Amino acid sequence: MRDVSPDFLKKYPSASILINSINEEMVRLFLQGKIQFTSIIYNILNLIKDKKIIKYAIHPTNNLKQIYFLDNYVKSYIKTKFIQFKKW
């Protein structure tokens, strides 16, 4: 699993926004009973390796519009992926 170190965050300036969005979606899925509590961190660490998510972490965000875009993109992607795989 990928280490979320300060070097990782320097390499991927928007990673903290993406990690937060992933976490929010994982907690929502947990509260709905769709995933186990213990799988939240596992899913976060796996999703930050996902090519469709990490490609957005490379670019810094300069305004709220970009932050909202990233947040919505990640949450939509996770919903699609969750429907596809049911349980991770």
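Is Lys-81 buried, exposed or partly exposed? Hold that thought; Exercise 1 settles it.

A word on the model first. This is a predicted model, where local features need pLDDT of at least 70, side-chain atom pairs count only at pLDDT 80 or more, and totals for chains, interfaces and linings use all residues. Residues are numbered from 1 along each chain as its sequence is written, and side-chain values use heavy atoms, with hydrogens and water left out.

**Exercise 1. Place Lys-81 and work out how much of it is accessible.**

Step 1: get the cut-offs. Buried means under 20% relative accessible area, exposed means over 50%, and partly exposed is in between (1.4 Å probe, protein chains only).

Step 2: find the residue. Lys-81 belongs to helix H5. (Helices are DSSP runs of H or I with at least four residues, strands are runs of E with at least two, and both are numbered from the N terminus.)

Step 3: apply the cut-offs. Lys-81 has 22% relative accessibility, so it counts as partly exposed.

**Exercise 2. Describe the surroundings of Asp-50.**

Step 1: locate Asp-50. You'll find it in the loop between helix H3 (40-47) and helix H4 (51-57).

Step 2: check its accessibility. With a relative accessible area of 12%, Asp-50 is buried.

Step 3: list its touching residues. Leaving out residues up to four places away in sequence, Asp-50 touches Tyr-77 and Lys-81. Contact here means heavy atoms within 4.5 Å.

Step 4: look at polar atoms. A polar contact is a pair of N or O atoms within 3.5 Å; within protein, one must be able to donate a hydrogen and the other to accept it, and residues adjacent in sequence count only if both atoms are side-chain atoms. The side chains of Asp-50 and Lys-81 make such a contact at 3.2 Å. A polar atom of the Asp-50 side chain also lies 2.8 Å from the backbone nitrogen of Lys-52.

**Exercise 3. How many salt bridges does the structure hold, and which residues form a network?**

Step 1: know what to look for. A salt bridge is a side-chain nitrogen of Lys or Arg within 4 Å of a carboxyl oxygen of Asp or Glu.

Step 2: count. The structure has four salt bridges.

Step 3: start with Lys-75 and Glu-24, whose side chains meet at 2.6 Å, N to O. Lys-75 sits in helix H5 (residues 64-85) and Glu-24 in helix H2 (residues 15-31), so this pair ties together parts that are 51 residues apart in sequence. Lys-75 is buried at 19% relative accessible area, while Glu-24 is partly exposed at 35%.

Step 4: add Asp-71. Its side chain meets that of Lys-75 in a salt bridge of 3.4 Å, N to O. Asp-71 and Lys-75 are four residues apart in helix H5, about one helical turn. Both of them are buried. Through shared partners, salt bridges join Glu-24, Asp-71 and Lys-75 into one network.

Step 5: try another pair. Arg-28 and Glu-25 form a salt bridge at 2.3 Å, N to O. They are three residues apart in helix H2, again about one helical turn. An α-helix has 3.6 residues a turn, so residues three or four places apart point the same way. Arg-28 is partly exposed at 29%, but Glu-25 is buried at 2%.

**Exercise 4. Check the span of H2 and explore its sides.**

Step 1: the rule. The expected span of a helix is 1.5 Å times one less than its number of residues.

Step 2: the check. H2 has 17 residues and should span 24 Å; its end C-alpha atoms are 24 Å apart, which agrees.

Step 3: the buried residues. Among them are Ile-17, Leu-18, Ile-22 and Met-26.

Step 4: the accessible part. Leu-31 lies in H2 and is exposed, at 67% relative accessible area. Val-27, Phe-30, Leu-31 and Phe-37 make a nonpolar surface patch of about 400 Å². (Patches use residues with over 30% relative accessible area and no salt bridge: like charges are joined within 9 Å, nonpolar side chains (Val, Leu, Ile, Met, Phe, Trp, Tyr) within 5 Å. Accessible areas come from the Shrake-Rupley method with a 1.4 Å probe; for residues, only the protein chains shown count as cover.)

**Exercise 5. Sum up the whole protein.**

Step 1: count elements. There are five helices and zero strands.

Step 2: look inside. Buried residues account for 38% of the 88 residues.

Step 3: look outside. The accessible surface is about 5,800 Å², with 59% of it belonging to carbon and sulfur atoms.
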